[in-house]
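Good morning, colleagues. Please have the sequence and the model in view while I go through them.

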Amino acid sequence: MKTPKMVLFDYGQTLIAEQKFDGVRGTEAVLQYAARNKYHLSAEQVQAKANEINREFGRFDPGKRHLFQIEIPNTMFTSYLYESQGIEIALSNSEIDTVFWNAAAPGTPTEGIKDFLGYLKSRGIRTGVISNISYDPSVVAERINRLLPENAFEFIITSSNFIFRKPNKRIFDLALEKAELQPDEVWYIGDQYECDVKGSLNAGLLPVWYIGAVDLPNTMEERHSMDENILTAKTWGEIKRYMEVLCSR
């Protein structure tokens, strides 16, 4: 283990703690912009159809989401969802994403993340983001930059823009190529064991399992899978102390 040249972050429940997802609330917000609702469907009815389609795909199932390694961008999903039900929304795809997401899952920076990002900047340690997320890349970047305005992220890689979802090694390889670094020069910090920890470990990065804002129960397999190649922390201060020990060597 050595001091990283770069630290890459997951988005949800790592950089930003999101409130419990409420799809109906998000759909209600979008339907306010409906130019046409042929069948006078309610938000509950539209979201029920969205849930039905997602079950067919196997998306968002906590026990299986790490198996779903190809992203379906919302720009494709919502176009089908609304048009197949006779609904026209007077917004662009990215605007639909913004309206839906802000209503369905507002977020705030995780406690201590601003200080930690400031610490990395002061040490000259580069930073970036890799996120499994279906929202439009510009919408994701806008939220991150709005909530963490002093960040120095060199890039924000989203599966909605680059096809592959963690734990697929290809999305980590893309980040390494963009950073022009070797795997052992980079740490990856995320909250989800299968996608973030195992994915980055298999790609050769040093995984840091951040569990300070975890919103899903950890399985017994996860709790018993720890080894010396994985750091686990509940606070950003703990991760900072790991780095300070390494920097002092």
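I begin with P167, which sits in the loop between α7 (159-162) and α8 (169-179); helices here are DSSP runs of H or I of at least four residues, strands are runs of E of at least two, and both are numbered from the N terminus. The peptide bond between K166 and P167 is cis, with omega at about 15 degrees.

A word on the basis of these statements: the model is predicted, local features need pLDDT of at least 70, side-chain atom pairs count only at pLDDT 80 or more, and totals for chains, interfaces and linings use all residues. Residues are numbered from 1 along each chain as its sequence is written, and side-chain values use heavy atoms, with hydrogens and water left out.

Let me now turn to the chain as a whole. The protein chain contains eleven helices and ten strands. Its radius of gyration is 19 Å, close to the 18 Å that the globule rule gives for 249 residues, so the chain is as compact as a globular protein of that length. That radius is taken over C-alpha atoms, and the rule is 2.2 Å times the number of residues to the power 0.38. Along the principal axes, the C-alpha atoms fill a box of roughly 65 × 35 × 30 Å.

Of the 249 residues, 48% are buried; buried means under 20% relative accessible area, exposed means over 50%, and partly exposed lies in between, with a 1.4 Å probe and protein chains only. The exposed area of the chain is about 12,200 Å², and carbon and sulfur atoms supply 50% of it; this area comes from the Shrake-Rupley method with a 1.4 Å probe. Among contacts (heavy atoms within 4.5 Å) between residues at least 6 apart in sequence, 73% join residues at least 24 apart.

How far apart are the mean positions of the positive and negative charges? For the 28 positive and 34 negative charges, the separation is 2 Å. Lys and Arg count as positive and Asp and Glu as negative, while His and the chain ends are not counted; each charge is placed at NZ of Lys, CZ of Arg, CG of Asp or CD of Glu.

Next, the aromatic residues. The structure holds eleven aromatic pairs. Rings of Phe, Tyr and Trp (its six-membered ring) pair if their centres lie within 6.5 Å; planes under 30 degrees apart count as stacked, over 60 as edge-to-face, and the rest as tilted.

In one pair, W101 and Y135, the ring centres are 4.3 Å apart and the planes meet at 15 degrees, so the pair is stacked. This pair links distant parts of the chain: W101 belongs to helix α4 (residues 93-104), and Y135 to the loop between β6 (126-131) and α6 (137-147), 34 residues apart. Both W101 and Y135 are buried.

A further pair is F116 with W236, whose ring centres are 5.2 Å apart and whose planes are at 25 degrees, so this pair is stacked. Here, too, distant parts of the chain are linked, with F116 in helix α5 (residues 113-122) and W236 in helix α11 (residues 236-247), 120 residues apart. Both F116 and W236 are buried.

F116 and W236 also belong to one aromatic cluster, formed by F9, F116, Y119, F153, Y210 and W236. F9 lies in strand β1 and is buried, with a relative accessible area of 0%. Between F9 and G199, 190 residues apart in sequence, the C-alpha distance is 13 Å.

Which residues surround T14? Leaving aside neighbours within four places in sequence, T14 is in contact with F9, T110, I189, G190, D191, Y210 and W236. T14 itself lies in the loop between β1 (6-9) and β2 (16-18), and is buried at a relative accessible area of 0%.

Two residues deserve mention for their backbone angles. H40, although not a glycine, has a positive phi of about 55 degrees; H40 is in the loop between β3 (34-37) and α2 (43-57) and is exposed, at 70% relative accessibility. E180, also not a glycine, has a positive phi near 60 degrees; E180 is in the loop between α8 and β8 (186-190) and is exposed, with a relative accessible area of 72%.

I close with V24, in helix α1 (residues 23-31). At 24% relative accessibility, V24 counts as partly exposed. Not counting residues up to four places away in sequence, V24 touches A43, E44 and Q47. The C-alpha atoms of V24 and S42, 18 residues apart along the chain, are separated by 9.3 Å.
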